[in-house]
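This report describes the fold of one protein chain, from its overall dimensions down to single residues.

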Amino acid sequence: MPELIVALDLPDREKAVSMARQLRDALNWCKVGLELFTLGGPRLLERLKEQGFRVFLDLKFYDIPHTVARAVTAAGVLGADMLTLHCQGGKRMCQAALEARNTAVDACSAPLLFGVTALTSFGPGEMPGVSAPPGVYAQDLAASAADWGLDGVVCSGREVRDIKAASPGLACLCPGIRPAGADSGDQRRTMTPAEAVEAGADYLVVGRPIIEAPSPAEAACAILEEIRAAAAAPAAE
């Protein structure tokens, strides 16, 4: 069944730890992004791991191959279970990251590597220097990610079917997931949890609809029920 990841996009590390504690009985995964990692640092990951979470460290590495390889090694030492790097960094950068991950001392706990394709905040014509629509561009980068050996890609739920058709072994992680009626915020290419599951998504990332809800645990459980129902439904002919 697809897994739900809560994005702890909060401007305070203690609030993030408290939020994670509220959600621990419902979820196995949490996401630490740029803002929260900048505030909380490595110790924050330790505290989340102590609570039993698997941690998705979403820092979207994009640099020269040597630097990204060293960053992947460092993130593995911190206990990150999943990392992101930009596919736009190219083959040499992504393969340097893979080599660093694969030569980790504890290969059993080495993080999954997911390539970022086109950010879900981009709409048509908004990507600098890219004339292709975001969805088409994302599919092209996903095909490259599969060739390079990455574990999966970060993409909109709208691109999942085509990506899976071209690269069946590639996992798809989808941000921009919004329950029906929820505010889309700064996201452009969104989907409901059920739509993303039906499309074939493997991981669904949800932030504000959970952490800003009156009862975050109840909001998370409602989304999980929607995921389970969609996963159990017969495939459309």
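## Overall dimensions and local detail

For a chain of 237 residues, a compact globule would have a radius of gyration near 18 Å, and the protein chain, at 17 Å, agrees with that. The model is a predicted one. Along the principal axes, the C-alpha atoms of the protein chain occupy a box of roughly 45 × 45 × 35 Å. Nine helices and eight strands make up its secondary structure elements.

Among contacts in the protein chain with a separation of 6 or more, 69% are between residues 24 or more positions apart. Buried residues account for 49% of the 237 in the protein chain. The exposed area of the protein chain is about 11,100 Å², with 51% of it supplied by carbon and sulfur atoms. As for charge, the protein chain carries 22 positive and 29 negative side chains, and the centres of these two sets are 4 Å apart.

The interior comes next. In soluble globular proteins, nonpolar side chains tend to be buried together. Here the largest nonpolar core contains 69 residues, and L4 and L8 have the most contacts inside it. A second core, separate from that one, has 12 residues, including W29, F114, V154 and L173.

Which residues does L4 contact, leaving aside its neighbours within four places in sequence? They are L27, W29, L204, V206, I210, A220, I223, L224 and I227. One of these contacts of L4, W29, is also listed in the second core.

Two residues with charged side chains can be set side by side.

| Residue | Element | Relative accessibility |
|---|---|---|
| K60 | strand 3 (residues 54–61) | 26%, partly exposed |
| E35 | helix 2 (residues 34–50) | 45%, partly exposed |

K60 counts as partly exposed because its relative accessibility is 26%, while buried means under 20% and exposed over 50%. The backbone of K60 has a phi near 50 degrees, a positive value in a residue other than glycine. This K60 is part of strand 3, which covers residues 54–61.

E35 belongs to helix 2, covering residues 34–50. With 45% relative accessibility, E35 likewise counts as partly exposed. Which residues does E35 contact, leaving aside its neighbours within four places in sequence? The contacts of E35 are with L10 and P11. Although L10 and E35 are 25 residues apart along the chain, 7.8 Å separates their C-alpha atoms.

Technical notes:
Residues numbered from 1 in each chain as written. Predicted model: local features only at pLDDT ≥ 70, side-chain atom pairs only at ≥ 80, totals over all residues. Heavy atoms only, no water. Helix = DSSP H or I, 4+ residues; strand = E, 2+ residues; numbered from the N terminus. Rg over C-alpha atoms; globule rule 2.2 N^0.38 Å. Buried < 20%, exposed > 50% of the residue type's maximum accessible area, 1.4 Å probe, protein only. Contact = heavy atoms within 4.5 Å. Areas by Shrake-Rupley, 256 points an atom, 1.4 Å probe, with all protein chains shown as cover. Lys, Arg positive; Asp, Glu negative; His and termini not counted. Charge placed at Lys NZ, Arg CZ, Asp CG, Glu CD. Core = buried A, V, L, I, M, F, W, Y, C linked by side-chain atoms within 4.5 Å.
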